[in-house]
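Let's take a walk through a protein model together. Keep the picture open and turn it around as you read.

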Amino acid sequence: MTRPPRHRLVPTNVAALAVGVTEATIRKWVSRGKITRYGAPGRSEFDIDELTTIALHRHH
């Protein structure tokens with residue numbers, strides 16, 4: 001899988017806010033394979049487009 005463009009990557013706290021869940025939920029989703037984690041060790045980043053898709057499906 002290719003890495004998204006830099007401008008689309010957000011840290012865990014922003015990812016959690018974007019989807020309306022806690023940071024712990026974001027980490028749980030990573031471990032379950034529901035969402036892709038990017039970034040170096042100790043610096044998780046997430047694709048805002050992927051988060052938007054998840055958020056849209058959660059609210060319907």
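Which residues are linked in a network of salt bridges? They are Arg3, Arg6, Arg43 and Glu45. A salt bridge here is a side-chain nitrogen of Lys or Arg within 4 Å of a carboxyl oxygen of Asp or Glu.

Before going further, a word on what you're looking at. This is a predicted model, where local features need pLDDT of at least 70 and side-chain atom pairs count only at pLDDT 80 or more, while totals for chains, interfaces and linings use all residues. Residues are numbered from 1 along each chain as its sequence is written, and side-chain values use heavy atoms, with hydrogens and water left out.

Now for the overall layout. The protein chain has 3 helices and 2 strands, and along the sequence they come in the order β-α-α-β-α. Helices (H or I, at least four residues) and strands (E, at least two) are DSSP runs, numbered from the N terminus. The C-alpha atoms fill a box of roughly 30 × 20 × 20 Å along the principal axes. The radius of gyration of the chain is 11 Å, which agrees with the value near 10 Å for a compact globule of 60 residues. That radius is taken over C-alpha atoms, and the globule rule is 2.2 Å times the number of residues to the power 0.38.

How much of the chain is tucked away? Buried residues make up 32% of the 60 residues. Buried means under 20% relative accessible area, exposed means over 50%, and partly exposed is in between (1.4 Å probe, protein chains only). The areas themselves come from the Shrake-Rupley method.

Back to the salt bridges, of which there are 6. In the network you met at the start, Arg43 pairs with Glu45, their closest N and O atoms being 3.1 Å apart. Glu45 is buried because its relative accessible area is 3%, whereas Arg43, at 47%, counts as partly exposed.

Next, find Arg8, which has salt bridges to two Asp residues. One partner is Asp47, with N to O at 2.4 Å. Asp47 lies in strand E2 (residues 45-47) and Arg8 in the segment before strand E1 (9-11), so this pair ties together parts that are 39 residues apart in sequence. The other partner is Asp49, at 3.2 Å between the closest N and O atoms. Asp49 sits in helix H3 (residues 48-58), so its pairing with Arg8 ties together parts 41 residues apart in sequence. As for cover, Asp47 is buried at 7% relative accessibility, Arg8 is partly exposed at 23%, and Asp49 is partly exposed at 39%.

Finally, look at the outside. Lys28, Arg32, Lys34 and Arg58 form a positive surface patch. Patches like this use residues with over 30% relative accessible area and no salt bridge, with like charges joined within 9 Å. Arg32 belongs to helix H2 (residues 23-32), and it counts as exposed because its relative accessibility is 62%. Another spot to find is Gly42, in the loop between H2 and E2. Gly42 is exposed too, at 85% relative accessibility. Its C-alpha atom is separated by 15 Å from that of Ser31, 11 residues apart along the chain.

Conventions. Patch = residues over 30% accessible without salt bridge, like charges linked within 9 Å, V, L, I, M, F, W, Y side chains within 5 Å. Areas by Shrake-Rupley, 256 points an atom, 1.4 Å probe, with all protein chains shown as cover. Lys, Arg positive; Asp, Glu negative; His and termini not counted. Charge placed at Lys NZ, Arg CZ, Asp CG, Glu CD.
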